[in-house]
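Visitor: I should like to learn how the surroundings of a bound ligand are read from a model. May we work through the case shown here?

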Amino acid sequence: MSAASGLEGVVVAQTTLSAINGEKGELIYAGYDIDDLARNTTFEEVAYLLWNGKLPNRGELDDLHRKLVAERALSPQLLDLIRVFPTDANPMAALRTAVSAMAFYDAEAEDNSDEANRRKAIRMTAQIPTIITAFDRLRGGKEPVEPRSDLGTAANFLYMLNGEPADELRVRTFDAALVLHAEHGMNASTFSARVTAGTLADIYSAVVSAIGTLKGASHGGANMRVMEMLVDIEKSGDEPGAWVRSALGRKERVMGFGHRVYKATDPRATVLRELADQIMKGAGETRWLDLSDQVRAAMSEEMEKSGKKIYPNVDFFSASVYTTLGIKTDLFTPIFAMARVTGWTAHLFEQYANNRLIRPKAEYVGPRDLKVEPVESR
Ligand code: ACO
């Protein structure tokens, strides 16, 4: 038996949550096309869909909103802890630590029943936006802003971040971005979460594993690197096509391109390109989108020459959308976690409900038959 590099093509679980057609560039959540969901639902409706397998009716949606609102405020102990985080901490490290600490102050932390896990999923989904915004304000010398009960997740996040309500277009754009990031099959962070839950560890531990995995540049960390790349290209003064060719010549990866499963444009990138267009035209400043389009055209030309199926992924246009919303680059990956916690926890409900320890094997390629020499003669 030989190792499947990167577990490519290996099916590790059954799920009812999402399906990807990588050749066609299609994604569905529980039966609904991502394009339809991004245009016609809110993040809370999608959270309900992932957690319950159906879209909520008005009463069910209002009930979920009430539950989320009731859990948004951080415990005083958690807020005190965030106050002593180093102001130069990586925001993903801050989020990872804060979510881990949430368990200290949750009386249900060690209760692995489905009912308790569903309450904890709501708690984490409600508090992650408060953690991110509290950390960001404190590191900037400002006091955290209390959550507002009359706002949905997207509007409340932008309000807590900036201390003032965002306009309708901004809220709608951000809400759609959260919908697009909520779930994505057996991606690396979801797999991590499932592996942790497979040992019957608690749901906080599983989500902390997922946050750590999302942080990497090959996964959720790519969105901030896309923005850094766009800034670099602008600063260099190079023509974007020349910049791309030179990066590829140095065998570097162009951030926001390529995907293990998609061999066509990621459908989330298509919706995000549209959102970027709307929000930037609304803001009267389209330079990041213009630059992104030039990078995309250059990549498309180069990939055609090399015969590689590498297209824009979800991170490519989300970078310029978030920048236009006035969000700092190093908060992009925490925002990804704020949306994906719904998908992670939905997978965790599936994992706990039908659990078996996840324990693959390694192919040993080291030496055999060695004999231990006394330490002095080695
Ligand atoms: N730029 C340039 N070349 C690339 C890129 C890229 N972004 N992505 C893949 N390639 C090339 C590789 O160099 C490799 O070429 P080779 O066969 O000549 O050596 C070939 O495509 C296959 O690459 P792998 O690393 O084997 O593909 P894998 O499926 O393991 O990687 C990944 C997928 C990690 C996403 C990769 O495409 C990448 O590094 N992209 C940039 C980072 C990024 O945008 N990540 C976000 C992904 S979406 C998400 O997680 C939210």
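**The ligand and its shell**

Guide: The residues of the shell around the ligand comprise nine nonpolar, six polar and five charged. Here Ala, Val, Leu, Ile, Met, Phe, Trp, Tyr, Cys and Pro count as nonpolar, Asp, Glu, Lys and Arg as charged, and the others, Gly among them, as polar. This is a predicted model, in which local features need pLDDT of at least 70 and side-chain atom pairs count only at pLDDT 80 or more, while totals for chains, interfaces and linings use all residues. Residues are numbered from 1 along each chain as its sequence is written, and side-chain values use heavy atoms, with hydrogens and water left out.

Visitor: How many residues surround the ligand, and which are the closest?

Guide: A residue is near a molecule if one of its heavy atoms lies within 4 Å of it. In this model 20 residues surround the ligand, and the closest are His219, Arg253, Val254, Phe257 and Arg260.

Visitor: Which polar atom of Phe257 lies 2.8 Å from a nitrogen atom of the ligand, backbone or side chain?

Guide: A polar contact is a pair of N or O atoms within 3.5 Å. For Phe257 the partner of the ligand nitrogen is a polar backbone atom, at 2.8 Å. By contrast, the side chain of His219 places an N or O atom 2.8 Å from a ligand oxygen.

Visitor: From which domains does the shell around the ligand draw its residues?

Guide: Domain bounds come from an automatic or database domain assignment. At least three shell residues come from each of domain 1 (15-218 + 331-353) and domain 2 (222-324). The centres of domain 1 and domain 2, taken over C-alpha atoms, are 26 Å apart.

Technical notes:
Polar contact = N/O pair within 3.5 Å; in protein donor to acceptor, adjacent residues only side chain to side chain.
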